Number of protein chains: 2
Amino acid sequence: MNEDDLVRSLRERFSPRIGDDAAVVGPQVFTTDMLVEDVDFTAATPLDLVARKSLAVNLSDIAAMGARPRYALLAIAIPRSMTDRLPSMIDAWAAAAREHSIEIIGGDLSRGDKLVISVTMIGEVCARPLLRSGARPGDRVYLSRPIGAAAAGLQLLQSGISGNGYAERELVESLIRRHLDPEPEVALGMKLAAIDEVTACIDLSDGLSTDLNRLCEASAVGARIEKGRIPLFPDLEAHVRSLKIDLRQCVLHGGEDFALLFTSSLTESEMSRRAGRPLFAIGRITTSREVLLADGEQESPFPPAGWDHFRSGAEG
Amino acid sequence: MNEDDLVRSLRERFSPRIGDDAAVVGPQVFTTDMLVEDVDFTAATPLDLVARKSLAVNLSDIAAMGARPRYALLAIAIPRSMTDRLPSMIDAWAAAAREHSIEIIGGDLSRGDKLVISVTMIGEVCARPLLRSGARPGDRVYLSRPIGAAAAGLQLLQSGISGNGYAERELVESLIRRHLDPEPEVALGMKLAAIDEVTACIDLSDGLSTDLNRLCEASAVGARIEKGRIPLFPDLEAHVRSLKIDLRQCVLHGGEDFALLFTSSLTESEMSRRAGRPLFAIGRITTSREVLLADGEQESPFPPAGWDHFRSGAEG
């Protein structure tokens with residue numbers, strides 16, 4: 001059983017509202033995401049960044065719904081040894097809450113052997129909720145920004161490679177920052193919800209292949225992605241060899257980019273103009289249920305191969 | 001720093017809505033509570049009961065606000081070894097959700113070394129939100145039902161004492177059940193909210209001494225509790241010696257009874273009549289800020305000495 005099987009069974013048992021990035025209830029959306037020590041971060045990760053990220057991952061879910069984030073609740077299990085670092089985590093939550101104009105309205109604190117942070121976030125539907133299920137054949141598939149950086153940053157953290165020379169070290173730092181301190185696309189999400197021609201949306205939390213397949217399954221469509229059109233993080237490609245980064249893995253399957261992946265009937269130039277910033281058309285939605293990756297003339301299946309929270313224990 | 005100090009600092013840093021059993025936002029209340037393996041339950045606890053209890057503790061917070069529970073979100077970290085027990089937990093959540101007419105609208109699943117269940121619950125304000133802060137000098141202090149059973153059940157689980165003879169074994173079973181499968185006072189909470197003379201309310205999650213002091217502090221009042229008036233679980237007193245139960249500890253400081261502790265200007269008979277069930281006046285709210293326990297002629301301070309989630313690591 002993988003994460004998607006489980007979500008499907010929860011949807012059947014609990015509520016048809018389960019299955020999007022957040023649950024829509026009237027004018028509100030609700031989402032919850034948990035970060036677990038040694039699964040989502042290590043003891044070496046700065047705790048203020050873990051605190052920030054615990055909000056960011058939820059903000060990204062709200063963004064994918066095109067909603068405005070309003071309130072958050074924090075439930076935390078914390079080991080005794082980390083208690084003295086709690087004030088700096090509280091500072092980080094307070095700063096991030098101010099930055100995104102959200103109010104932290106409740107919490108629960110418990111002891112635990114490992115640090116666990118569970119955040120529930122409540123958003124306000126703006127124009128309409130953006131769902132995963134609206135993509136139509138012929139729509140273009142869009143990415144909101146270059147991807148692969150967060151996964152590359154994680155690889156660098158794990159390998160300990162820090163780069164040679166000023167430019168490369170700068171690149172390494174900014175890749176690692178993308179992993180540790182991701183930027184949710186909150187403003188863009190709300191803008192997309194106001195554009196009628198945007199048909200479906202999901203945030204890239206578990207990798208392009210996995211999240212694209214989720215969007216296609218929810219919409220009962222297929223997609224054909226042109227590999228050459230996927231935007232890459234600036235300068236990443238040039239340093240792939242010396243930094244020993246598995247670029248293909250990072251871009252196609254790497255998690256936690258928190259870019260938005262969405263579909264729209266608009267052309268790339270029109271879409272970018274309406275959103276007021278460059279957006280990247282990387283392929284098309286198709287009638288066949290197949291999800292394909294085209295590399296020049298070659299076309300191959302593009303099944304989900306990204307992060308699976310629920311299977312990760314077996315792989316890790 | 002104990003749990004209450006921490007809550008006070010979160011209230012200052014994050015939101016004045018923090019500090020009641022749930023946060024009031026317009027017509028809604030929000031609460032979150034986390035259960036952690038080896039802190040709130042052990043590997044020996046049946047997981048379907050852990051699942052039920054994860055909802056019950058949140059339902060009790062909603063009850064204390066006099067609100068109607070509506071929606072819940074579950075975030076779960078689960079060890080690989082427990083995965084095969086997830087279906088029975090899902091059954092338990094689904095059954096408890098039906099029982100209380102709530103809808104589980106979202107969730108998150110992650111791996112973890114220990115089972116952690118974080119529930120966020122959303123309720124709907126009925127007549128008005130019941131707060132901790134409304135108690136007035138002269139009000140009677142009420143308990144919704146006999147207390148001490150859950151803590152006695154926990155002591156029995158820990159001691160392994162199962163009792164002698166049919167009646168005692170039955171008692172042991174029902175005490176343990178009170179600990180493992182607590183009953184939140186949802187219907188009563190809504191009824192109390194509709195009675196104008198009810199001035200303040202809190203649920204007994206951390207013990208009478210601790211939760212009474214919280215209510216008094218929030219209301220800027222004191223209280224004088226008559227020990228002899230505290231209702232005890234039927235037959236508990238008679239078996240205290242043979243079952244080696246520390247009755248004083250269980251009743252005065254034992255956690256997780258999930259009875260409601262509330263204040264009202266009504267007499268016991270009028271209060272019980274209006275609520276449609278027996279309720280127990282155990283003392284009075286006073287103008288002095290002291291919280292006192294009276295045992296016949298003797299009066300002594302009654303400081304918080306119940307469960308402190310945040311200090312429990314030091315004691316456990």
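Helices here are DSSP runs of H or I at least four residues long, strands are E runs of at least two, and both are numbered from the N terminus. With that settled, let's start with one arginine. B:Arg132 sits in the loop that links strand S5 (116–125) to S6 of chain B.

A quick word on what you're looking at. This is a predicted model, where local features need pLDDT of at least 70 and side-chain atom pairs count only at pLDDT 80 or more, while totals for chains, interfaces and linings use all residues. Residues are numbered from 1 along each chain as its sequence is written, chains are lettered from A and ligands numbered from 1 in the order in which they are written, and side-chain values use heavy atoms, with hydrogens and water left out.

**The loop arginine**

Is B:Arg132 buried or exposed? Its relative accessibility is 13%, so B:Arg132 counts as buried (buried means under 20% relative accessible area, exposed over 50%, partly exposed in between, with a 1.4 Å probe and protein chains only). The side chains of B:Arg132 and B:Asp21 share a polar contact of 3.3 Å (a pair of N or O atoms within 3.5 Å; within protein, one must be able to donate a hydrogen and the other to accept it, and residues adjacent in sequence count only if both atoms are side-chain atoms). Leaving aside residues up to four places away in sequence, B:Arg132 also touches others, including B:Cys201, B:Arg214 and B:Ser219 (contact means heavy atoms within 4.5 Å).

**Helix H9 of chain B**

Helix H9 covers residues 268–275 of chain B, and its buried residues are B:Met271, B:Ser272 and B:Ala275. Viewed down the axis of H9(B), these fall within an arc of 95 degrees, so they line one face of the helix (the arc is that of the directions from the helix axis to the C-beta atoms). B:Ser269 and B:Arg273 are exposed on the face turned away from that buried side. What do the buried residues of H9(B) pack against? Their partners are strand S6 (140–143), helix H6 (186–193), strand S7 (198–203) and strand S9 (260–264) of chain B. Just past H9(B) comes B:Gly276, with a positive phi of about 80 degrees.

**Helices H2 and H3**

Here are the class counts for the H2–H3 contact in each chain. Ala, Val, Leu, Ile, Met, Phe, Trp, Tyr, Cys and Pro count as nonpolar, Asp, Glu, Lys and Arg as charged, and the others, Gly among them, as polar.

| Contact | Nonpolar | Polar | Charged |
|---|---|---|---|
| H2(A) with H3(A) | 8 residues | 2 residues | 3 residues |
| H2(B) with H3(B) | 8 residues | 2 residues | 3 residues |
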